[in-house]
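Open the model in your viewer and switch to a cartoon view. Keep the selection panel at hand.

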Amino acid sequence: MRIDERIGQQYPGLSPQEQKAADTLLDRLGDLATYNAAELAVLSGVSKATMSRLFRRLGFADFNEVKEHTRNIRSSGMPLGSEDTDASLAGHLDREVENVRRLFELLDDSRLAAATEKLAGAGTVLLIGFRNSFPVALHLRQQLLQCRQDVNLAPQPGQSLGEELAGLGDGDVVVLFGFRRRPADFSRVLKAAASTGAATILIADSSARRLAADSTVWIECPVDGGHALDSYAAAMSLVSILSNGVLTLLGRGGRDRVRKVAGFFDSLGEIESS
């Protein structure tokens, strides 16, 4: 049971002082690791003994267990707010830059080449993204369609995956976006995609490292922006890297498709003219 659930369950039976301490914990779940027990007691206006007693009532041996517990919750992707979160533009920029920098550290040239070569040479590309991963998968589809055909996206609203996977085989590619707070059966989807004979590219944050062995190409992409909610700036940057790499590999064929697509935009009047 998460700490917020434990507090909710115990709250009516807590003393007024313990309730003050519990309120402080709830207000600062996102950055408890930056405090010690004495500092939290001061912030709450209670004694250190009261704070320690609250930890025990919630089922924790000490504050170190509380900190480890909240770290695990945050690493799973659950939004944890904090009164002390730096909401300034400069602070936000620093965190976004750090995520992109980390992405480039993890994405070596050979891994990038393997992914782009498979995307460029595949007969069919199937992109799979659930929940927060879906917009990233959709953006990659829109970018790849500029330079190649047969790029599909799943699951669409009301759609199941079986029909999409059934027609795949050797020479095709499935890209699975698995950012944290994935559906419980995500690993089964990955294995099913691999069983078709298609190459699989898994793009996810560090929480999916245990699934990497089941994919053909594994690309780790950070999403922890430092705030309560995750940031997908690095993921969108990765989409740009992959798409431009595919266009480069396709050469004249890719450029011809770009021109053909632009021609339809013009004839249909779909895109604002400059």
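The tour goes through the sheet, then a helix packed on it, then the cysteines.

Keep in mind that this is a predicted model.

**The sheet.** Start with the strands. There are 5 of them in an open sheet, and the pairing is parallel. Read across in the order β2-β1-β3-β4-β5. Now select 151-154 and 217-220, which are β2 and β5. These two strands stand at the edges. Each has a single partner strand, so one side of each is left without a neighbour in the sheet. Look along the sheet for its twist: the average is 15 degrees from one strand to the next.

**One strand pair.** Select residues 125-129, strand β1. β1 pairs with β2 in the parallel sense, over 4 bridges. Pick leucine 126 and look across to β2, where its bridge partner is asparagine 152.

**A helix on the sheet.** Next, select residues 133-144, helix α8. The helix packs on the sheet and touches β1, β2 and β3, the last of these at 173-177. Compare directions: α8 makes about 155 degrees with β1.

**The cysteines.** How many disulfides does a search of the whole structure find? The count is 0. Select cysteine 147, which is in no disulfide. Its nearest cysteine sulfur belongs to cysteine 221. Go there next. The sulfur of cysteine 221 is 20 Å from that of cysteine 147, too far for a bond. Are these residues buried or exposed? Cysteine 147 has 5% relative accessibility and counts as buried. Cysteine 221, at 0%, also counts as buried.

Technical notes. Residues numbered from 1 in each chain as written. Predicted model: local features only at pLDDT ≥ 70, side-chain atom pairs only at ≥ 80, totals over all residues. Heavy atoms only, no water. Pairing = 2+ DSSP bridges. Axes fitted to C-alpha atoms, helices over the stretch in contact; angles between N-to-C directions. Contact = heavy atoms within 4.5 Å. Disulfide = S-S within 2.5 Å. Buried < 20%, exposed > 50% of the residue type's maximum accessible area, 1.4 Å probe, protein only.
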